[in-house]
Amino acid sequence: MQLSLRQQQIMSLARSAERVLVDELVTTFELTPQTIRKDLNELCEAGLLARVHGGALLPSGVANVGYEQRRNMASEEKRLLGELCAAQIPNNSSLFINIGTTTEAVARALLTHQNLMVITNNLNVANILIQNPSFEIIIAGGVLRHTDGGVIGEATVDFVKQFKLDYAVVGASALDEEGALLDFDYREVRVTQAILSNARERFLVTDKTKLERNAPVRVGHASQLTGLFIDELTRPKLAQVCAQHGVQVYSLV
């Protein structure tokens, strides 16, 4: 589903308040209730919101939204974050890149680099990076997840543990103000943990909407990172955590 500008604005309001009401949206956008309800129904059908009487709520943090829907959310911010992160990765280096729409944006921004060695458990990342003939691309083995092209499982973890690379570029489904990195799939989390443990520099690339979300499985903690790339760090407590542990914050504002 390609979100309209108004639907993107509705999602932004929902993330701020965790719910939206039809009457308030009618006033905000100066539209009829029927038009607003149509927008809400489409967002609910896409799994981005859950319908309640008089409006809609953010869905429970026990399942992730669809991969294509995530790819369309905050797409411009992800592009800019990808460029910001790629600027910190030199030519002739080695790196892990894991599953995620934001890490895909980093992969696209890396295409102007030369002589990178990239290990990934993300088929989408591999398909992006193959455009650069100077790259050595290694795809981790394991179980292929149909929903997003991710490779996960114990075999993937074992494969990752064979390497020690210069950089790790990872995403997460949620990041709380105490610094916990969270995700939905325990098998994917195990792979991300192995990636973080086997890289010298560890970059988390995420947009600020992840600060408004929750997920049930703990990946790790911000203190394990060397860099956090985010469009805007809107949580003062998380900023303190990063400062306390020497995590460099790169933001778009």
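Biologist: Which strands does helix 2 (residues 22-29) lie across, and at what angle does it run to strand 1?

Modeller: Helix 2 lies across strand 1, strand 2 and strand 3, and it runs at about 75° to strand 1. Helix 3 also packs on this sheet, where it touches strand 1, strand 2 and strand 3, and its direction makes about 135° with that of strand 2. Touching here means contact, that is, heavy atoms within 4.5 Å. The angles run from 0 to 180 degrees between N-to-C directions, and the axes are lines fitted to C-alpha atoms, for helices over the stretch in contact. Helices (H or I, at least four residues) and strands (E, at least two) are DSSP runs, numbered from the N terminus.

Biologist: What kind of model and which numbering are these values based on?

Modeller: This is a predicted model in which local features need pLDDT of at least 70 and side-chain atom pairs count only at pLDDT 80 or more, while totals for chains, interfaces and linings use all residues. Residues are numbered from 1 along each chain as its sequence is written, and side-chain values use heavy atoms, with hydrogens and water left out.

Biologist: How should I read the sheet beneath those helices, and what is its strand order?

Modeller: Strands of a sheet pair through backbone hydrogen bonds, either parallel or antiparallel. Two strands are taken to pair if DSSP finds at least two bridges between them. Here three strands form an open sheet in the order 1-3-2, with antiparallel pairing. Strand 1 (19-21) and strand 2 (50-52) are its edge strands, each pairing on one side only, and the twist averages 25° from one strand to the next. Strand 1 and strand 3 (residues 55-57) run antiparallel and are joined by three bridges, and Arg-19 has Leu-57 as its bridge partner in strand 3.

Biologist: At what angle do the axes of helix 1 (residues 5-17) and helix 3 (residues 33-45) cross?

Modeller: Their axes come within 11 Å and cross at roughly 75°. Angles under 35 degrees count as roughly parallel, over 145 as roughly antiparallel, 65 to 115 as roughly perpendicular and the rest as oblique, and helix 1 and helix 3 are therefore roughly perpendicular to each other. Arg-6, Gln-7, Ile-10 and Met-11 of helix 1 meet Thr-35, Asp-39, Leu-40, Glu-42 and Leu-43 of helix 3. By class, this contact has four nonpolar, two polar and three charged residues, where Ala, Val, Leu, Ile, Met, Phe, Trp, Tyr, Cys and Pro count as nonpolar, Asp, Glu, Lys and Arg as charged, and the others, Gly among them, as polar.

Biologist: Is Ile-10 buried or exposed?

Modeller: Buried means under 20% relative accessible area, exposed over 50%, and partly exposed in between (1.4 Å probe, protein chains only). Ile-10 has 0% relative accessibility and so counts as buried. Not counting residues up to four places away in sequence, Ile-10 touches Val-20, Leu-25, Phe-29, Asp-39, Leu-40, Leu-43 and Leu-49.

Biologist: In what order do the seven strands of the other open sheet run?

Modeller: The order is 6-5-4-9-12-14-15, and the pairing is parallel. Strand 6 (136-139) and strand 15 (248-251) stand at the edges with a single partner strand each, so one side of each is left without a neighbour in the sheet. From one strand to the next, the twist averages 20°. Strand 9 is joined to strand 12 by five bridges, with Glu-201 in strand 12 as the partner of Tyr-167. Strand 12 pairs in turn with strand 14 over three bridges, and Phe-203 has Gly-227 as its partner in strand 14. Five of the seven residues of strand 12 are buried, so this strand is largely enclosed by the rest of the structure.

Biologist: How many aromatic pairs does a search of the whole structure find?

Modeller: The search finds four. Rings of Phe, Tyr and Trp (its six-membered ring) pair if their centres lie within 6.5 Å, and planes under 30 degrees apart count as stacked, over 60 as edge-to-face and the rest as tilted. The rings of Phe-203 and Phe-229 have centres 5.0 Å apart and planes at 65°, so this pair is edge-to-face. Phe-203 lies in strand 12 (residues 199-205) and Phe-229 in strand 14 (residues 227-230), so the pair ties together parts that are 26 residues apart in sequence. Phe-229 and Tyr-250 form a stacked pair, at 4.3 Å centre to centre with 5° between the planes, and both Phe-229 and Tyr-250 are buried. Ring pairs link Tyr-167, Phe-203, Phe-229 and Tyr-250 into a cluster.
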